[in-house]
Amino acid sequence: MPELTEPSPSGAAVPPASADATAPPHRLRVRRVAIDTWRENVAYLHRDCAVYRAEGFQALSKVEVRANGNRVLATVNVVDDTAIVGCDELGLSEQAFALLGVEDGYHVAVSQAEPPASMHALFRKLAGERLRQDDFLAIIRDVAGHRYSKIELTAFVVACHREELDREEVFFLSDAMVKTGQRLNWHEPLVVDKHCIGGIPGNRTTMLVVPIVAAHGLLCPKTSSRAITSPAGTADTMEVLANVELPLDRLSDIVREHRACLAWGGTAALSPADDVLISVERPLSIDSPGQMVASILSKKVAAGATHLVLDIPIGPTAKVRSMPDAQRLRRLFEYVARRMGLALDVVITDGRQPIGRGVGPVLEARDVMQVLENDPHAPQDLRQKALRLAGRLLECHPDVRGGDGYAIARDILDSGRALASMNALIAAQGARGFDHRAPKLGRLVLEVRAQTAGTVAGIDNYQIARIARLAGAPKVQGAGVDLCRKLGDAVAAGDLLYRVHAEYPADLEFARQACARDNAYRLGEAADVPHVFVEF
């Protein structure tokens, strides 16, 4: 099992502080309120509760709840219905109740919460000041400890976005994120990882790169996230093939035996503050360079990676729209990675359109398995991009000369060794019995056809992803978009552009309406197809 470095005391449920003699806590029976408040602790008090009246609480103020040596800070919501919470009860949302770790009806101590210790640093950032390293550490400890309300979290995220962090502050933020979570140590000099900044539908290269480099013997313990605003994350797609929610000791055994894993990273508590901040950033569509760098690099360092290949796609509807923007982002990544002791190879790639044909968990899993099986019908853009990225990762090994990685990766894929490596991982993690030759897609189908003749001159990544999500992906694994035309393809009026798969009529109707407004395809002349310089 990898060695775990524990964070300094800052968890969500921590030993209680000494009681304030002037404000003794009140005791109420705790009640689990089955509401998922998405990474925010929420407490529910009845308007006629004696504690609510005595303490002078207001909605959205914070309470401290203590029981069995644990403490949870929660934002107060006021209710008027005793069916939700009685006058002698304190309701807790799903996350807060789980953190407190007691049974329904247990008597808990309730008192007004002191403001987080880092609030003064937050106010200074709101005023546009540059923060020190200890300021960021204090803020991130409180974020990881769920001591900030959603309003306070939003204030921090917006302040960092509006007053863009300088590169030193980005390092301070990244370092604080690592220090407030667990850190894995695999006790090997070379631990590799690959990551894409996102924004491109399909693009499931990680599921090809990992078995390729593992077959060569490199250690690649890949923990990935689930989708938040995209139609599928790596963990969502891998879950079509195998179990991805595995305890750390089981993952360790798999990595030790197979040199890799493809699992969800939520069970490892790596950079937990990042997960909390993402819950605010994504609904606001805030993805500033500094916050992006801190989010990605903190998780890679916490996962024990020593070498990282980072994919930055550029294109008209990608996260990064131009080469100058890509180069600025690259320099920021390189500076922070160097300060954190992480060897980084940034690759700028073509982000003008989705990679592969499938957009959605089952469709993307189909594409991956077709490539691994060297199926002649496999999407060649997915194959080629994965080979290039795998080649760059293989060149991290001291025995592989620069420029030789692609040929080695291609040989591993063509020989079937990558497929054998993936099949071994699937079996070890718990196979789900997926058959990519007969994938279980959503039973309802919408065909989107070209209205006029022309050449595919543009595909809107954002709109394709939105259509796939409206169809039900990733929650409905078989939902999504199956592309039939890519950039540069000639089409006649009435030719099929893509199919939308959905399981439920309402989802299909939402997707149909989105397609009617904008089908994401722009047709023109062959000369209209844009070109983009990439580093491969």
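## Strand 17 and its two sides

In this predicted model, let's start with strand 17, which covers residues 480-483. Gly-480 and Asp-482 point one way from the strand, while Val-481 and Leu-483 point the other way. In a regular strand, side chains alternate between the two faces of the sheet. Are these residues of strand 17 buried or exposed? All of them are buried.

## The sheet around it

Strands of a sheet pair through backbone hydrogen bonds, and the pairing can be parallel or antiparallel. Here, 4 strands make an open sheet in the order 14-17-19-15, with antiparallel pairing. Which strands sit at the edges? They are strand 14 (358-359) and strand 15 (444-449), each of which pairs on one side only.

Now walk across the sheet. Strand 14 pairs with strand 17 over 2 bridges, in the antiparallel sense, and Val-359 stands opposite Val-481 of strand 17. Strand 17 in turn pairs with strand 19 over 4 bridges, again antiparallel; here Leu-483 has Tyr-498 of strand 19 as its bridge partner. Finally, strand 19 (residues 496-502) is joined to strand 15 by 6 bridges, and these two strands run antiparallel. Arg-449 stands opposite Leu-496 in strand 19.

## A helix across the sheet

Helix 18 (residues 505-517) lies across strand 15 and strand 19. Its direction is at about 10° to strand 15.

## Helix 15 and its buried face

Let's move on to helix 15, residues 405-414. Its buried residues are Gly-405, Tyr-406, Ala-409, Ile-412 and Leu-413. Why do they line one face of the helix? Looking down the axis of helix 15, you would see the buried residues fall within an arc of 125°, so they line one face.

What covers these buried residues? The cover includes helix 7 (206-215), helix 13 (361-372), helix 14 (380-394) and helix 16 (417-429). Helix 15 is followed by Gly-416, which has a positive phi, near 90°.

## Helix 13 meets helix 16

Two packed helices are described by the angle and the distance between their axes. Two of the helices covering helix 15, helix 13 and helix 16, pack at an angle of about 135° with their axes 8 Å apart. That angle makes helix 13 oblique to helix 16.

Helix 13 brings Val-368, Met-369 and Leu-372 to the contact, and helix 16 brings Ala-418, Leu-419, Met-422 and Asn-423. Of the residues in this contact, 6 are nonpolar, 1 is polar and none is charged.

Definitions and conventions:
Residues are numbered from 1 along each chain as its sequence is written. This is a predicted model: local features need pLDDT of at least 70, side-chain atom pairs count only at pLDDT 80 or more; totals for chains, interfaces and linings use all residues. Side-chain values use heavy atoms; hydrogens and water are left out. Buried means under 20% relative accessible area, exposed over 50%, partly exposed in between (1.4 Å probe, protein chains only). The arc is that of the directions from the helix axis to the C-beta atoms. Contact means heavy atoms within 4.5 Å. Two strands pair if DSSP finds at least two bridges between them. Axes are lines fitted to C-alpha atoms, for helices over the stretch in contact, and angles run from 0 to 180 degrees between N-to-C directions. Angles under 35 degrees count as roughly parallel, over 145 as roughly antiparallel, 65 to 115 as roughly perpendicular and the rest as oblique. Ala, Val, Leu, Ile, Met, Phe, Trp, Tyr, Cys and Pro count as nonpolar, Asp, Glu, Lys and Arg as charged, and the others, Gly among them, as polar.
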